[in-house]
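Please read through this structure one part at a time, with the sequence beside the picture. The text below goes from a hairpin to its neighbours and then on to the other chain.

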Amino acid sequence: MPVVIDNEILQSVEKPSRYTGNEWNMARKDPQEVDIRFAFCFPDIYDVGMSHLGMKILYHMLNERKDTYCERVFAPWVDMEQKMRENNIPLFSLETFEPLSNFHIVGFTLQYEMSYTNILNMLDLGGIPLRSWERTEHHPFVCAGGPCTVNPEPLADFIDFFVIGEGEEVINEVLDKFLEWKKGGHPRKTFLEMIASIEGVYVPSFYDVKYNEDGTVQSINPKEDRYPARIRKRIVKELNESYFPEKIIVPYTSIVHDRIMLEIFRGCSRGCRFCQAGFIYRPVRERSPERLGNLAEDLAESTGYDEISMVSLSTSDYSRLGELTEDLIRRLEDKKISLSLPSLRVDSFSIELMDKVKTVRKSGLTFAPEAGTQRLRNVINKGITEEDLVNSARIAFMGGWNNLKFYFMIGLPTETMEDIVGIARLGEKIVELYRSMQTKEKGKNLTLTISTSSFVPKPFTPFQWEAQDTMDALREKQKFLKSKLRRSITYNWHDPEVSFLEAVFARGDRRTGEVLLRAWQKGCKFDGWGEVFNFDKWMEAFEETGIDPAFYANRRREPGEVLPWDHIDVGVSKKYLIREREKAYREEVTRDCLSICSGCGVTQFGCGICMGY
Amino acid sequence: MEALLSIRIRYSRGDEVKYISHLDLMRTFERALRRTDIAVAYTGGFNPRMKLVFGLPLPVGMTSEAEYADIDTDEEINPEDFLEKLNSQLPSGLKVLEAAVKKDSRNIMASIAAAQYEITISVGNVKTVREIHDAIMGFISQDKILAEKESKNRTAIVDIKPLILNVSLYAGTENTYKLRDIGNNSAGDNCGKNKGQEHGENNSGLSENLTGGIKLNVTVRAGNTENLKPDLLINALSQWSGINMKVLKIHRVNLYIAGEKGELISPMHSSVVLRR
């Protein structure tokens with residue numbers, strides 16, 4: 001039965017169009033005519049969720065199946081949630097206003113650890129029991145996918161099954177099995193049994209975790225022999241042949257990323273040692289310029305958007321960037337569609353390109369050195385030299401840019417105050433360079449912004465054993481840096497409290513799920529939103545559950561320790577990560593995959609950059 | 001570069017899209033137009049925008065059957081074709097009802113002079129039609145009709161009498177009471193449907209009991225120079241009469257522009273657009 005929302009309620013909340021659907025290209029089906037009703041749940045508000053490319057791909061792909069109706073569900077903002085609870089309105093989908101509990105399968109995407117409390121909140125608003133063992137035949141199956149599934153353990157108590165890796169192929173296999181199960185009229189657990197053998201599917205309730213006296217993990221074992229000891233991620237081997245929607249939903253209201261997004265390739269060959277995405281999405285697989293050009297035209301026609309952007313982890317590394325951008329510009333010119341350029345490496349090529357595109361406002365060019373000294377940059381394998389940076393800045397200034405942003409991380413492994421000073425020195429160098437280059441031109445001042453985030457050690461990176469700096473240490477470094485930066489440089493920093501919690505859940509084991517539940521019960525949600533985030537409540541939750549957050553965030557592990565995610569396999573071997581870790585301490589760089597293969601292990605997939613272009 | 005043609009459209013906004021903002025609406029039209037093969041004209045310079053002008057923005061939550069927009073095109077196009085093509089790309093809730101080639105040089109945004117609204121309200125404990133009739137009559141018969149108008153930092157008291165052009169009451173069983181008509185709103189031809197019939201003074205139903213809410217059909221000055229929001233009017237009325245009035249629904253029925261002699265005419269009047 002569809003939910004009906006009173007006009008009075010909609011008039012009283014911020015941006016009511018978040019809750020009213022009816023967008024162009026929204027899937028419209030008769031729920032009676034399908035066998036599977038799938039709810040795609042994004043654990044944040046509409047404006048954020050609708051900017052997510054992954055959801056668009058899966059949404060449109062699933063709706064191509066005649067037997068399935070995939071609908072969207074977003075987290076209501078706090079004002080709407082209050083009205084919903086006051087009026088007993090359950091969480092509903094935007095396509096048919098169907099209450100969440102009426103779906104067959106409810107799927108969440110795990111993009112960010114600080115969205116986990118929203119997942120619990122959405123289940124609760126949807127009338128679905130939070131813990132997987134409390135669900136019965138009357139409840140949907142709850143699954144989750146997305147990058148954070150590489151360490152699924154903090155959510156193990158709440159999710160029936162995880163889909164690890166890229167969803168396009170595996171989700172269809174899961175749905176096919178669902179149909180089989182549904183027709184057979186089997187009990188609930190049978191479905192999970194049926195899909196446990198599908199590569200990429202992880203059913204947490206089929207695994208036992210044992211702990212040592214000191215709190216570390218002793219073992220993670222399947223309860224029965226027929227369950228896989230390790231779950232390997234799924235990837236789409238032939239990316240160029242794989243599904244990409246030719247039409248996508250067009251929202252009414254402005255969202256974070258409001259344009260056509262073309263995914264040009266997956267994975268990254270750089271191997272920056274802090275970067276989880278670069279490792280878990282390997283190997284690099286590209287789409288061809290021709291396919292992308294065709295997609296661009298189809299999407300422009302079906303949406304009416306006036307802007308297209310290229311999406312990938314490192315667009316400058318796309319092997320045929322010149323060809324691609326020229327082709328796109330040519331195709332889109334008459335249609336008055338502009339090409340939005342992502343943060344490209346700043347070199348003469350990209351400056352030329354930005355000039356060609358013209359519509360790029362001469363605002364903000366971004367650089368991401370991440371560390372202030374060559375030594376530390378070598379440790380993290382971000383090979384960029386000071387000379388590169390200065391040269392890039394020079395090219396940018398000559399091209400007329402006078403607004404630059406530099407991104408750094410603090411709290412990196414082996415970091416000392418010297419390295420923090422290095423950040424200030426770099427800033428200084430850039431300011432001096434600008435001054436020395438000032439011609440009689442405009443006499444415009446340089447706007448230089450330096451932004452530091454706090455390092456969070458992530459699973460499946462060479463730094464997965466590292467300790468995160470304590471919050472106090474991070475604050476001290478931020479203060480120190482601020483004192484070293486000249487006043488004309490704007491300094492932005494991130495609150496270490498959020499980074500601390502991120503670190504706990506990124507490397508948390510199953511027991512951290514209890515903290516999650518307690519924190520949510522105390523009212524924690526929208527933890528990524530400054531105005532709602534409540535650190536005190538989180539600390540209370542840790543206290544009350546007797547779990548020490550520092551154990552997860554600030555403790556240095558040794559390579560011999562069993563890690564809570566050891567039963568997940570993303571293709572990169574632990575041996576490789578250990579090798580990289582040792583190289584980091586020796587301040588040695590590792591070159592990118594294209595130059596030379598360093599044997600990370602993903603050649604086992606037999607595709608992409610490993611097989612050459 | 002001068003555009004070749006300017007097409008004026010009248011379109012409706014229904015329940016499905018009443019919560020999108022004006023900016024959202026403009027974007028929706030732009031994208032819909034981009035999906036057609038209509039050669040919409042663009043401004044020049046570094047950031048070309050579609051030459052598309054909308055009439056008075058409709059506040060969020062209202063529906064309307066008389067919204068207007070002017071769109072410039074670079075190529076000849078038959079207004080009927082324009083209407084069909086655009087309708088094929090508009091989401092449900094938005095529909096072009098009329099299209100004509102504009103011959104007047106003024107754009108729609110600058111020329112709006114008045115608006116007509118159908119306001120459905122609940123009236124608290126009021127039991128008879130007479131009660132509500134007399135309250136409204138009393139209100140609008142004042143020499144000055146004072147209302148609170150909120151601006152950025154303060155609340156000002158303004159006289160809204162000159163802004164109220166026509167008030168009709170629909171209450172009881174389809175009875176209509178024309179309570180005020182300053183005779184300045186001759187609708188001209190094709191002004192859009194005017195709900196209900198003007199009975200003139202019809203007092204037969206005044207003693208009836210009220211069943212459900214009532215409807216007020218009001219024509220007020222609107223546009224860039226003077227603008228009376230229907231909510232403001234109802235608030236003032238509610239306060240003055242002491243009756244607890246709640247707005248249930250507002251539907252915009254017409255928009256008017258000023259004719260040559262200052263009279264109110266439809267934006268699709270034959271003096272303004274080419275009629276076939």
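**Strands and the contact between two chains**

In strand β12 of chain B, B:Ile265 is the bridge partner of B:Ile257. The model in which this pair appears is a predicted one. B:Ile257 and B:Ile265 give a starting point for looking at two strands of chain B, β11 and β12. Strand β12(B) covers residues 264-265, and 2 bridges join this strand to β11(B), with the two running antiparallel. Together β11(B) and β12(B) make a hairpin with 5 residues between the strands. Within this hairpin, B:Gly262 has a positive phi near 85 degrees.

What else pairs with β11(B)? Strand β5 of chain B, residues 112-122, runs antiparallel to β11(B) and is joined to it by 10 bridges. To find this pairing in the picture, look for B:Ile121, which stands opposite B:Val247 in β11(B). Strand β3 of chain B, residues 63-73, is another partner: it runs parallel to β11(B), which spans residues 246-258, and 2 bridges join them. Here B:Thr63 has B:His251 in β11(B) as its bridge partner.

Chain A also has a hairpin to look at, formed by β7(A) and β8(A) with 5 residues between them. Strand β7(A) covers residues 207-211 and strand β8(A) covers residues 217-222, and they pair in the antiparallel sense over 5 bridges. A:Lys210 has A:Ser219 in β8(A) as its bridge partner. In the turn, A:Gly215 has a positive phi of about 95 degrees.

Further along chain A there is an open sheet of 4 strands, in the order β15-β16-β17-β18, and the pairing is parallel. Why do β15 and β18 of chain A each have one side without a neighbour in the sheet? Strands β15 (365-370) and β18 (489-493) of chain A stand at the edges and each has a single partner strand, so one side of each is left without a neighbour in the sheet. From one strand to the next, the twist averages 20 degrees. The partner of β15(A) is worth finding in the picture: β15(A) pairs with strand β16 of chain A, residues 403-410, in the parallel sense over 4 bridges. Within this pairing, A:Thr366 has A:Lys405 in β16(A) as its bridge partner.

The last part is the contact between the two chains. It takes 26 residues from chain A and 23 residues from chain B. Between them the chains bury about 2000 Å², with 52% of this on carbon and sulfur atoms. Which three residues supply more than any other three of the area that chain B buries against chain A? They are B:Tyr19, B:Arg31 and B:Arg35, which supply 36% of that area.

Charged and polar pairs also link the chains. There are 3 salt bridges between chain B and chain A. In one salt bridge, the side chains of A:Asp306 and B:Arg34 meet at 3.9 Å, N to O. The chains also have 7 residue pairs in polar contact. On the side of chain B that touches chain A, the elements that give two or more residues are α1 (22-35) and α2 (79-89) of chain B. Helix α1(B) gives the largest share, 6 residues. The residues on this side of chain B divide into 9 nonpolar, 5 polar and 9 charged.

Note on methods:
Residues numbered from 1 in each chain as written. Chains lettered and ligands numbered in written order. Predicted model: local features only at pLDDT ≥ 70, side-chain atom pairs only at ≥ 80, totals over all residues. Heavy atoms only, no water. Pairing = 2+ DSSP bridges. Axes fitted to C-alpha atoms, helices over the stretch in contact; angles between N-to-C directions. Contact = heavy atoms within 4.5 Å. Buried area = accessible area lost by both parts, 1.4 Å probe. Salt bridge = Lys/Arg side-chain N within 4 Å of Asp/Glu carboxyl O. Polar contact = N/O pair within 3.5 Å; in protein donor to acceptor, adjacent residues only side chain to side chain. Nonpolar A, V, L, I, M, F, W, Y, C, P; charged D, E, K, R; others polar.
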